[in-house]
Amino acid sequence: MTLEYGKFRLLVPALLAASIGLIGCGGGGDGGGGGGNAPATGITVVPERFDFGVITEGNLDQVLPRKFIIRNEGTTSSNIGYIMWDQFEADQFSLLDHLGGNNACAPTPFALAPGESCTVEVEFNPDEIGEFKTALFVQNDAPNVATVGGTLARVEGTYAEVDEIHVTVNQVHACAVNGPQAFVSVTDQERFPIRNLHKENFILEGLDPIYVRQVGENDAYIPLSLSIAMDYSGSITDFPEVVDNMEAGATLLVNEMKANDNADIIVAFP
């Protein structure tokens, strides 16, 4: 019997997309809908709260940065003077140098017209095991706005040791040319694939030898087909940050697809 990994190519992007896109009514923050955490200035940051979740040792390279959208929901232009970390444990997170992609915020200070928005990217890069929380602080420096009129977006994440291993048999191919094959998935407690495994890492009673082919060890891959549902009904569009999250999640998945992958997008309108 040969032993092969199952396919995990879009596992981590899909999990992250789900955490971004499926927040539901209220947007995942603790301040209610609309991102209204700075009514004095009209500047909002969405999402108001984001949790990178539990990342196990050796898997930080699998975690994609999170975009935060800074939007002017006021009726006058606002001048953004600072974008910085506001609380302790900020050294476990970083603002990326290239900031927010195609709609990146300009270097501070910069102005946002009414209805205008830009994005910054935050990366979780802890240097030790633990749970970490901080806040991204956006400060309006308009002369007629008090300096306390800033906007906070809370960011958290956990870096954990691998303490569980799960082996799942996905399929048994009894009629393979070179003998029976078992396709298995080997993951840790947070569903990250266990990498760098070889035949000496496995024991199959009464069967030898065994052969292990790891995902990514050659250029061959199996094309994927997936469907992405986009819900633009009122329960979603009533909360702008939820729409942002849904679209960001879909973008994450599409950006990780390869040339021969296929996807359809199902859009639901009221």
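## Overall picture

Take the contacts in the chain between residues at least 6 apart in sequence: 72% of them join residues at least 24 apart. This is a predicted model, and its secondary structure comes to three helices and 15 strands. Of the 270 residues in the chain, 42% are buried. The chain exposes about 14500 Å², with carbon and sulfur atoms supplying 53% of that area.

## How far to trust it

The average pLDDT for the chain is 76, and 72% of the residues score at least 70. Confidence bottoms out in strand 1 (residues 2-5), where the mean is 44, and peaks in strand 3 at 94. Residues 1-7 sit below 50 in pLDDT, yet this stretch still has 39 contacts in the model beyond near neighbours in sequence.

There's another weak patch at residues 215-219, where pLDDT stays under 50 and the model has five contacts beyond four places in sequence. Where pLDDT is low, the predicted coordinates shouldn't be read in detail.

## The nonpolar cores

The largest nonpolar core has 25 residues, and the members that touch the most others are Phe52, Phe68, Ile70 and Ile83. Quite a few strands chip in at least two residues each, including strand 3 (49-56), strand 4 (66-72), strand 5 (78-85) and strand 9 (130-140). Strand 8 gives this core its largest share, four residues.

Phe52 is worth clicking on. Leaving out residues up to four places away in sequence, Phe52 touches Val63, Leu64, Arg66, Phe93, Val122, Glu123, Phe124, Val155, Glu156 and Gly157. Apart from this core lies another one, of eleven residues, with Ile236, Met246, Ala250 and Met257 among them.

## Strand 2 and its partner

In a regular strand, side chains alternate between the two faces of the sheet. Strand 2 is covered on both faces: Ile43 and Val45 are buried on one side, Thr44 and Val46 on the other.

Strand 2 pairs with strand 4 in the antiparallel sense, over four bridges. Within strand 4, Ile70 is the bridge partner of Val45. Ile70 also turned up above, as one of the core residues touching the most other members.

## Helix 3

A quick geometry check on helix 3 (residues 240-256): with 17 residues at 1.5 Å a residue, the helix should span 24 Å, and its end C-alpha atoms are 25 Å apart, so the two agree.

Helix 3 has a long list of buried residues: Glu241, Val242, Val243, Asp244, Asn245, Met246, Gly249, Ala250, Leu252 and Leu253. Met246 and Ala250 from that list are also members of the eleven-residue core.

Conventions
Residues are numbered from 1 along each chain as its sequence is written. This is a predicted model: local features need pLDDT of at least 70, side-chain atom pairs count only at pLDDT 80 or more; totals for chains, interfaces and linings use all residues. Side-chain values use heavy atoms; hydrogens and water are left out. Buried means under 20% relative accessible area, exposed over 50%, partly exposed in between (1.4 Å probe, protein chains only). Contact means heavy atoms within 4.5 Å. Accessible areas come from the Shrake-Rupley method with a 1.4 Å probe; for residues, only the protein chains shown count as cover. The expected span of a helix is 1.5 Å times one less than its number of residues. A nonpolar core is a set of buried Ala, Val, Leu, Ile, Met, Phe, Trp, Tyr and Cys residues joined through side-chain atoms within 4.5 Å. Two strands pair if DSSP finds at least two bridges between them. pLDDT is the predictor's confidence in each residue, from 0 to 100.
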